[in-house]
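Q: I have just opened this one and would like a slow walk through it. Could you take my questions one at a time?

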Amino acid sequence: NVRANGGNVTGKFDKFGYGFLHEDINNSGDGGIYAELIQNRAFQYSPSYPVSTAHYSPINGASLGIEFVSPPLSSALPASLRVSATNTTGQVGFQNEGYWGIDVRVQKYTGSFWTKGAYKGEFTAWLKSNLTTDVFGRVQVQSKSVADAWTEHKFELTPSVAAPSSNNTFAVTFDPAGTSNGTLDFNLISLFPPTYKGRANGLRIDIAEALEEMNPTYLRFPGGNMLEGLRLGAEWDWKDSIGPLRERPGFEGVWGYQQTHGLGLIEYLEWAEDMGLHFAVGLYAGLALNGNYTTEAELQPYIQDALNEIEFIIGPVTSTWGARRAELGHPEPFELNYVELGNEDWLAGFPGGWESYKAYRFPLMYEAVSKAYPDIQIIASSASSDPNPETAATDGLDFPADVLGDYHPYREPDQLVDEFDRFDNDFGHIVGEVAAVHVNGGIEWLGLLNPYPWWIGAVGESVSLIGYERNSDRIPMVLYAPVLKNINRFQWSITLIQFAADPALTTRAVTWYVWSLFAHHPITHTLPTTSTSDYGPLYWGAGRDDDRGGALVWKGAVFNTTNSSSVPVTVNFQGVRRGTKAKLTVLTNPGGDPFAYNDPFTGVNIVKTTETELVAGPRGGFKFSLPELSVAVLDTDVA
Ligand code: AHR
């Protein structure tokens, strides 16, 4: 690679690419990309979120309560739902409201539930309206239920008609006359629509496809803050997230809700595999969000656990954890290129957590992981500018030469424009989380956040993205965060994609269009550029893609909110002759409002995409002009 501006090459990574950090925030996992439709399916709980029958309601006067029966369904799922008939006639049962509704259409739903209690008869599983008496589909399920043990009931349900809205419920009923005392216990009540690539326990199709269509290269998981947990001992423990669902206890979410652990390590790996993504796994490094951290004497089991996690992902089937992976249906090792040690250890728990990271948590983990897996690129959970740019030289991490930093700029649009040269003279980093989250000149985190990404923010991001891309020899990946938001749960304003139960509301934010444009014109090499003008209001970078026959790519953005005139541009690629064709794609917001955004409730996309075929003139130059607040790509690969 030709470096744009110098720096140390770390060299273990491959092609520069875009992608996302995914953690379960804004119900982006449960009730989001994880396709499970039943909310509170297994009555999971934790110190922050007490066990409850929330999201269930009785049918025909049944009484619903939580019981800790003996034996439990599993040690991971000790609580269950007791359904007792109070009326002596008619079917009784429960209904679940899903995650703010359930999308019902004519397609095959795959469900299951476990019961305990003697019952001779049939269950009925229903998909029905929450507003009217309409039933869209139902299926009879023969009981296998017995008094002293838990039994699983599986079924498939294909509604005969689609529901007019997503205000629907899933219900299970039974005839109390067939039971010994009108009471049955239920647990792990699950219903899935068809999933992305047909995976069992898989992903919601429309959301996964919206991500895939962005043409991403990288996925970082499971956090973010979620990796760290609220306190010591409450971290996202990967071992709790693998295996049959009845063995997953659930996770005490750090974003205000109990989580199921349904989107577990294996599901993340299969997500990456199915979308063709490289991934960076966050390994827990002994720091909790409340600032407590593991002492040096206590750290070794965590280091071993991190090594075991890597072995689970890439170990041969002859290894302990590789064998476990094979047992779970994936004998082939996954391809693991990146691991990150912790998450933002410079931030949470400062200064004790940070001091311990520098003193022993990072060095000991780094030593163990790099020794066992020298081919894996290790990422430290801080940037060269952390804990803050003024004191980083003395207070920052002493990065080993082969380690990448991780930089997380959540900024105002103007600040992201200032980021343009952030990496011109620095060593390698990933940009593990980035987004425009505040308006210019606002009061940052103390102010109201915009509900959805807005156009000037997206253009501000594009300038920083060009800045990262022109240092692609040291910046392998740039990841948007947070990525997904269920519009019924607001923890964080900006996200690439918003959704609700009804897929008609699934909306690509303005930022999605910018990131998608850049991701669809990848480069293998950054190229040096010269110009007769300085940067601003036009910012640009150039590259070559050897995977597309040496296609030449120029990316640019105009960010100048004080001057509304267009910027004339001539791009000359060295070696390109007169008559060569190139495709110019320009994104604009014709409405002109810098704060316009794509609102799920209007469905209007404010981003206009214009594609033009240009022909190189004298000296191989491509001439065009770009309006204020526009983002553009010129690519000689016109196929
Ligand atoms: O993306 C939201 C949060 O921002 C992440 O969990 C954390 O890493 C960062 O501070």
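A: What follows goes through the ligand site, some helix contacts, two sheets and a few unusual backbone spots, and please keep in mind that this is a predicted model.

Q: Thanks. Which residues are around the ligand?
A: The residues around the ligand are Glu23, Gly223, Gly224, Asn225, Asn343, Glu344, His408, Glu433, Ala481, Pro482 and Trp492.

Q: And how does that shell divide into nonpolar, polar and charged?
A: The shell around the ligand has three nonpolar residues, five polar ones and three charged ones.

Q: Switching to helices: how do helix 4 and helix 5 cross?
A: The axes of helix 4, residues 300–314, and helix 5, residues 320–327, come within 7 Å and cross at roughly 45 degrees. That angle is why helix 4 is described as oblique to helix 5, and the crossing of the two is right-handed.

Q: Which residues make that contact?
A: From helix 4 the contact uses Asn308, Glu311 and Phe312, while helix 5 brings Thr320, Trp321, Gly322, Arg324 and Arg325. By class, this contact of helix 4 with helix 5 holds two nonpolar, three polar and three charged residues.

Q: What about helix 4 and helix 6, are they roughly parallel or oblique?
A: The axes of helix 4 and helix 6, residues 352–372, come within 10 Å and cross at roughly 30 degrees. Because of that angle, helix 4 counts as roughly parallel to helix 6, and this crossing is right-handed.

Q: Which residues meet there, and what classes are they?
A: Ile303, Ala306 and Leu307 in helix 4 meet Leu364, Met365, Ala368, Val369 and Ala372 in helix 6. The contact of helix 4 with helix 6 divides into eight nonpolar residues, with no polar and no charged ones.

Q: On to sheets. What is the order of the six strands in the open sheet?
A: The order in this open sheet of six strands is 25-26-27-32-29-30, and the pairing is antiparallel. Strand 25 (525–527) and strand 30 (608–615) are at the edges with a single partner strand each, so one side of each has no neighbour in the sheet. On average, neighbouring strands of this sheet are turned by 20 degrees against each other, direction ignored.

Q: How many bridges are there between strand 29 and strand 32?
A: Strand 29, residues 581–588, and strand 32, residues 630–635, pair in the antiparallel sense over five bridges, and Lys583 stands opposite Asp635 in strand 32.

Q: And the sheet of five strands, which strands stand at its edges?
A: That open sheet has the order 2-5-10-7-8, with antiparallel pairing. Strand 2 and strand 8 (135–142) stand at its edges, each with a single partner strand, so one side of each is left without a neighbour in the sheet.

Q: How do strand 7 and strand 10 pair?
A: Strand 7, residues 122–129, and strand 10, residues 168–174, pair in the antiparallel sense over seven bridges, and Thr124 stands opposite Thr173 in strand 10.

Q: Last topic: where are the cis peptide bonds you would point me to?
A: One joins Ser70 and Pro71, with omega about -5 degrees, and Pro71 is placed in the loop between strand 3 (63–67) and strand 4 (80–84). Another runs from Gly536 to Pro537, with omega near 5 degrees, and Pro537 is found in the loop between strand 25 and strand 26 (538–545).

Q: What is the phi of Asn26, and where does that residue lie?
A: Asn26 is not a glycine, yet its phi is positive, at about 55 degrees. Asn26 lies in the loop between strand 1 (17–21) and strand 2 (56–59).

Q: Why point these out?
A: Most residues other than glycine have a negative phi, and most peptide bonds are trans.

How values were computed: Residues numbered from 1 in each chain as written. Predicted model: local features only at pLDDT ≥ 70, side-chain atom pairs only at ≥ 80, totals over all residues. Near = placed C-beta within 6 Å. Nonpolar A, V, L, I, M, F, W, Y, C, P; charged D, E, K, R; others polar. Axes fitted to C-alpha atoms, helices over the stretch in contact; angles between N-to-C directions. Helix = DSSP H or I, 4+ residues; strand = E, 2+ residues; numbered from the N terminus. Parallel < 35°, antiparallel > 145°, perpendicular 65-115°, else oblique. Left-handed = near helix turned anticlockwise from the far one by under 90°. Contact = placed C-beta atoms within 7 Å. Pairing = 2+ DSSP bridges.
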